[in-house]
Amino acid sequence: MRNGFSFIFFGCALALLASLTHAETASRYSLSSPDKQIQLQVDLRPDGLFYQVDYVGRAVMNSSRLGLKIKGQQALGEHMALLKQHEREYNQNWQQPWGEQQTINEHYRELRLELIETTASQRRLTLVIRAFNDGIGLRYEIPAQQNLTQFVIEDELTEFALAENSHTWWLPAYRNWGPEYQYLKSALSSVDVAFTPITLEARHYALAIHEAALVNYASMTLRLMSDNTKTLKVDLVPWPNGDKVRTAAPMQSPWRTIQIAPKAIDLLNSYLTLNLNEAPAPESLTADNSYIKPGKYMGIWWEMHIGEKDWSPGPKQGATTARAKEYIDFAAQHDISGVLIEGWNKGWEGEWWKRAPTFIFDEPVVGLDLEEVTRYARDKGVAIIGHHETAAGVTYYEQQMDAAFDYYEKLGIHSVKMGYVGTRIDGDQWHHGQYMVNHFQRVVDSAAQHKVMVNAHETVTDTGLRRTYPNLMTRECVRGMEYNGGSPDTGNLPDHTTIIPFTRGLSGPTDFTPGIFNFDYKKHRPHNRVPSTLANQLALYVVIYSPLQMVADLPENYAGHPAFQFIDDVPTDWKQSRALQGEAGEYLVVARQDKRSPDWYLGAITNQDGRQLKVKLDFLDPKARYEAQIYRDGKDADWETNPESYEIKRMNVTAKTTLELDLKPGGGTAIRFKRR
C-alpha cells in the first residue's frame, strides 16, 4: 500500500505541474482608481511579472519589472501561474488622533494575485496592488510554504520605467550623512542613486515615488538602470556583507508608492502614504494615550550650534540647572509645552561625535539636577523633553535602553528626542538598512510601553508608521536648521525650505526646528547665516508640518518681541490643511485650520527671489468674518541685508477676499485668521 500511495501522489504532482506549465501563458490583469483616472495593468509572462500605469489617458509608467531575488535561488516572479485572483473596493473615513488633517478618506480598489511557480520548486508569491485617486501602492507577500522558510533577499527587482524624462528633485543616497544634504534638480536621466521620496515633474503631471509601512525590511533607494535612461530600479540598503533583507515566511514587503497628481503642489494634499499603513492595534486604542500631545517646545540646543554654549561639561556648559529654569520660566509664560535639554546626561565630553559613545542614559551631568528641574517644570505646567543621543552606537545604547526609559518614566518625562549622529551605525551599518529599521521599531515599542513620544533625528525616513504607532510623532531626516548655525558651507540656500515640502515633507512630519529671530551670531560663526527673513521664519510653522514644533531661538531673543505673538498663537494640531499654490524651489503657500478653534493660519515663503502673490481666501467659512493678523516682510526686508525687518498689519477679510502678498528675497508672510 505504501508503494501504491507514493505512485498515486507522484502522479498527482506531475499532473499539477503539467497543468501549471500548460497555464504559463501571457495574461493581463487590470485595476483602476475609484475615479478611473489611474489605470494599471499587470502582465504575467513566462519571463516575469510586469506592470504599467496610465494617468488620464497618458502613459506614466511603461512596462516595469516586478519580483524578488532570493539568495541562492532563481528570481521569484518568473515562470508563474495564477492560483487565485481577488478584487475588492474599500471606502471609509478614519480619524487621526493628531495630525495635519483630522479626517482622512481611505478609498481604494485592490487587486490580489496569488501566484505559484510552474517549475518543480512551486514557490508561491502574492502581489497586492491598491489604486487610490491620488496614486498606487504595491507590495509582495510570501506565504508560509515548505520550499521557502528562512531566506535572504539579495535583490528586489521592482522597476519604475518612467514614460517621460521629467525634471526631478532628488537626494543622492549612500553618502556619509544620509539625507542631510541639499536637494538636486536634474533631468531624470541624470539621477544616479537617490533617496526617496523622489519627486518628478512631467509636462502634464507630477509624481512622487516612495514607500509605506517599512517594517523588518531595508529602506528603498532608487538607482538609474544605466546612464541616460528613464528607468529607476529599487536598490535596497544593504547589510555590511551585501545581504539586503534577512527574513522568513510568511512575510510582506513595504508598499512601493507612486503618488500622481496634475501638478506638484497637488502632491502635498495627498495622504497615500498614511492610507497604506495599518490602523493602531486594538490594545493601543484602549491604552491610556493621554501622554501623546502635540505642541511646541524649546530648549538648550541652538546656543550650542552657534557656539555660545557647549554640550561638554565645563565653563561653556549649556545643560545647567539655572539655564534650564530660564527656559522653563519663558515656556510657562507662553504656549510652549516642553523644554528640551541636550547634554543633560553624562558622556558628552569633547568631540563626542568622533569617538565611540560613552553616554550614560540615567545619570545627569554634573551641574544639572534633573530631578529638581523636572519638579520645577511640573510646578510651572511645563514638560521636560528627554534626549537620547547615541552617536550611532546602537548596540551600546540598546544595553541601556530599557533602564533609560524606566528612568524617564520615574521622572514623569513623556517625550524623547532621539539622535544617531555618525557616518555609520555601530561602525559598519547604513542608517537606512534593515538593522536600523528593526532597531528603531524597538525604540518606538519600548517608548510606548513607558508612555513616551518619539522625535527622531538621523534615522530612517518616515513611511507613515505614525498611523500605526501614534507615539511616533516626528522625525528630522532632512538637512535642518542646525546647518545654518555651524555648517562649514555657511548653511542652507534660501530655496531649501521651498523644496522640503515637495520632497521629504511628502513622507511625513518634519522636525526642521524653525523660529530664529536673531540673525547675528558672528562672534563664533562669522560665516554662517539663517537664509531667511524673520517673517519667513514665522511662516515655516505653517508651511513645514510637525506636531512637535520647536521654538528654536534663545528666550532672550524672543523676550518682548511683538512678532513672537504669532508663535504664541499658532497651533501644531490641525483640523484640515491645504497647499494652495507653489512650485518646488520657488515658493509655497499653505493654509491650515486649528483643530480646537474656527481660526485658520496661512504661511507663504519664497526663495532668494522676491515675488508678489495673489491668494484667494475661499478656504475660509463663507458665512463668517475674520480679522487677518498679518506678519509680513518690511519694505526693506532681505534675507541677506535686513532679515529682521517686518511689519504687523490687521484687516477684516472674508472668504471672498483676495490678499496680495509681497514677499521679499528669502522672505515670507504669516497670517492668523481670527474668526470674529
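**Local features of the predicted model**

Pro-197 sits in the loop that links strand S15 (193–194) to strand S16 (198–201). The structure described here is a predicted model, and this loop is a convenient place to begin a tour of it. The bond that joins Thr-196 to Pro-197 is a cis peptide bond, with omega at about 0°. A cis bond deserves a remark, because most peptide bonds are trans. A further cis bond runs from Ala-249 to Pro-250, again with omega near 0°. Pro-250 also belongs to a loop, here the one between strand S20 (245–248) and strand S21 (251–252).

The backbone has further points to notice in its phi angles. Most residues other than glycine have a negative phi. Against that background, Asn-228 has a positive phi, near 60°, without being a glycine. Thr-490, likewise not a glycine, has a positive phi of about 85°. The setting of Thr-490 is the loop between helix H11 (482–486) and helix H12 (496–499), and this threonine is partly exposed, because its relative accessible area of 36% falls between the limits of 20% for buried and 50% for exposed residues. Asn-228, for its part, is found in the loop from strand S18 (220–224) to strand S19 (231–236). With a relative accessible area of 65%, Asn-228 counts as exposed, because the cut-off for that class is over 50%.

The loop that holds Asn-228 leads on to the strands at either end of it. S18 and S19 form a hairpin with six residues between the strands, and the positive phi of Asn-228 occurs in this hairpin. The two strands pair in the antiparallel sense over five bridges, and Leu-224 stands opposite Leu-232 of S19. S19 has another partner in strand S12 (residues 159–161), with which it pairs in the antiparallel sense over three bridges. In that pairing, Glu-159 has Lys-233 of S19 as its bridge partner.

How is S19 placed with respect to the rest of the structure? Six of its six residues are buried, so the strand is largely enclosed by the rest of the structure. The side chains can be followed in two sets: Thr-231, Lys-233 and Asp-235 point one way, Leu-232, Val-234 and Leu-236 point the other way, and all are buried. Lys-233, the bridge partner of Glu-159, thus belongs to one set, and Leu-232, which has Leu-224 opposite, to the other.

Another strand residue worth a visit is Leu-40, which is part of strand S2 (residues 38–45). Leu-40 has a relative accessible area of 1% and is therefore buried, the limit for that class being under 20%. Apart from neighbours within four places in sequence, the residues in contact with Leu-40 are Tyr-29, Ser-30, Leu-31, Tyr-51, Gln-52, Val-53, Ile-129 and Ile-136. Of these, Ile-129 lies 89 residues away in sequence, while the C-alpha to C-alpha separation from Leu-40 is 9.2 Å.

The last stop concerns a pair of helices. Helix H9 (residues 401–411) packs against helix H10 (residues 434–449) at an angle of about 30°, and their axes are 10 Å apart. The crossing of the two helices is right-handed. H9 contributes Met-401, Asp-402, Phe-405 and Glu-409 to the contact, and H10 contributes Arg-442, Val-443, Ser-446, Ala-447 and Gln-449. By type, the residues of this contact comprise four nonpolar, two polar and three charged.

Technical notes: Residues numbered from 1 in each chain as written. Predicted model: local features only at pLDDT ≥ 70, side-chain atom pairs only at ≥ 80, totals over all residues. Heavy atoms only, no water. Helix = DSSP H or I, 4+ residues; strand = E, 2+ residues; numbered from the N terminus. Buried < 20%, exposed > 50% of the residue type's maximum accessible area, 1.4 Å probe, protein only. Contact = heavy atoms within 4.5 Å. Pairing = 2+ DSSP bridges. Axes fitted to C-alpha atoms, helices over the stretch in contact; angles between N-to-C directions. Left-handed = near helix turned anticlockwise from the far one by under 90°. Nonpolar A, V, L, I, M, F, W, Y, C, P; charged D, E, K, R; others polar.
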